[in-house]
Amino acid sequence: MSARTKARKRAIDILYAADVRQTTIEQSLAMEAERAANEPARMASWLYARDIVDGVVDHRDEIDELIETYSQGWTLSRMPTIDRAILRIGIWEILYNDAVPHAVAIDEAVEAAKVLSTDDSAGFVNGLLGRIAQTAPSA
């Protein structure tokens, strides 16, 4: 597993934990930062995970609006919590991280959904991110 894939998984964990525990993303990020400081082997993936989470926090309103717009009848509150985290990360990478090609962002999100979420989630994530990527500037 690449360092970026590990970082995405860590970012999913941070966003998911905040949602499930009903705490702020900043609190979840602080707990993960403490853990990363005590586990030097985790540092390689920590920096990109932090970039992702910071980016999602900075653009959350726009990202969430896009999810609601493109999810065709699904509200954020109705979606599985893990899907929200995966979509937020995928959208941030598509729109705000020029270093990640759209296809890679979508593929990573779909793979995460296959492993972490429901049987229908991978297709849902793929379709939603694909529609958003079509409207985004090319990476």
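**Figure 1. Ser45 and Arg10 meet through their side chains.** In this view, the side chains of Ser45 and Arg10 make a polar contact at 3.0 Å. Keep in mind for this and every other view that the model is predicted. Ser45 sits in helix H3, which covers residues 43–58. Its relative accessibility is just 7%, and since anything under 20% counts as buried, Ser45 is buried. Which residues does Ser45 touch, once those up to four places away in sequence are set aside? They are Ala3, Lys6, Ala7 and Arg10. So Arg10 turns up twice here: as a residue that Ser45 touches, and as the partner in the polar contact.

**Figure 2. The largest pocket has three helices contributing to its lining.** There is about 300 Å³ of space in the largest pocket. A handy way to picture such a search: rolling a probe the size of a water molecule over the atoms shows where empty space is left. The lining of this pocket takes in 16 residues, and the ones nearest the centre are Arg10, Asp13, Glu32, Arg35 and Arg42. Helices H1 (3–21) and H2 (25–38) each supply at least two lining residues, and H3 does as well. Which helix gives the largest share of the lining? That would be H1, with eight residues. Sort the lining by class and you get eight charged, six nonpolar and two polar residues.

**Figure 3. Arg42, one of the residues nearest the centre of the largest pocket.** Arg42 belongs to the loop between H2 and H3. Ignoring neighbours within four places in sequence, Arg42 is in contact with Arg10, Glu32 and Arg35. Those three names should ring a bell, as Arg10, Glu32 and Arg35 are also listed among the residues nearest the pocket centre. For a sense of scale, look for Asp64: Arg42 and Asp64 are 22 residues apart in sequence, and their C-alpha atoms are 29 Å apart in space.

**Figure 4. The second largest pocket draws most on H6 for its lining.** About 250 Å³ of space lies in this pocket. Its lining is made of 17 residues, with Thr5, Lys9, Glu108, Glu111 and Ala112 nearest the centre. H1, H5 and helix H6 (102–116) are the elements that give two or more residues to this lining. How many residues come from H6? Eight of them do. By class, the lining splits into nine nonpolar, six charged and two polar residues.

**Figure 5. Helix H5 passes a ruler test.** How far apart should the ends of H5 be? H5 has 16 residues (81–96), and at 1.5 Å a residue they should span 22 Å. The C-alpha atoms at its two ends are 22 Å apart, so the model agrees with the expected span. H5 is also mostly covered, with 13 of its 16 residues buried.

**Figure 6. Asn97 and Tyr48 are joined by a polar contact.** Step into the loop between H5 and H6 and you will find Asn97. The side chain of Asn97 makes a polar contact with the side chain of Tyr48, at 2.8 Å. Is Asn97 buried or exposed? It is buried, because its relative accessible area of 10% falls under the 20% cut-off. Apart from neighbours within four places in sequence, Asn97 is in contact with Arg4, Tyr48 and Trp92.

**Figure 7. Ile14 is tucked away in helix H1.** With a relative accessible area of 2%, Ile14 is buried. Leaving out residues up to four places away in sequence, Ile14 touches Ile25, Ser28, Leu29, Glu32, Trp46 and Val53. Arg50 makes a good landmark for this view: Ile14 and Arg50 are 36 residues apart in sequence and 9.4 Å apart in space, C-alpha to C-alpha.

**Figure 8. Gln22 has a positive phi.** Most residues other than glycine have a negative phi. Gln22 is not a glycine, yet its phi is positive, at about 55°. Where does Gln22 sit? Look in the loop between H1 and H2. At 72% relative accessible area, Gln22 is exposed.

**Figure 9. Asn38 reaches back to Glu34 in sequence.** Asn38 is part of helix H2. A polar atom of the Asn38 side chain lies 3.1 Å from the backbone oxygen of Glu34. Asn38 is exposed, with a relative accessible area of 60%.

Conventions
Residues are numbered from 1 along each chain as its sequence is written. This is a predicted model: local features need pLDDT of at least 70, side-chain atom pairs count only at pLDDT 80 or more; totals for chains, interfaces and linings use all residues. Side-chain values use heavy atoms; hydrogens and water are left out. Helices (H or I, at least four residues) and strands (E, at least two) are DSSP runs, numbered from the N terminus. The expected span of a helix is 1.5 Å times one less than its number of residues. Buried means under 20% relative accessible area, exposed over 50%, partly exposed in between (1.4 Å probe, protein chains only). A polar contact is a pair of N or O atoms within 3.5 Å; within protein, one must be able to donate a hydrogen and the other to accept it, and residues adjacent in sequence count only if both atoms are side-chain atoms. Contact means heavy atoms within 4.5 Å. On a 1 Å grid over the protein atoms alone, a cavity is a set of points where a 1.4 Å probe fits but cannot get out, and a pocket is an open set with protein on both sides within 12 Å along at least five of seven lines; lining residues have an atom within 4 Å of a point. Grid points are joined across faces, edges and corners, and a volume is the space filled by probe spheres set on the points. Ala, Val, Leu, Ile, Met, Phe, Trp, Tyr, Cys and Pro count as nonpolar, Asp, Glu, Lys and Arg as charged, and the others, Gly among them, as polar.
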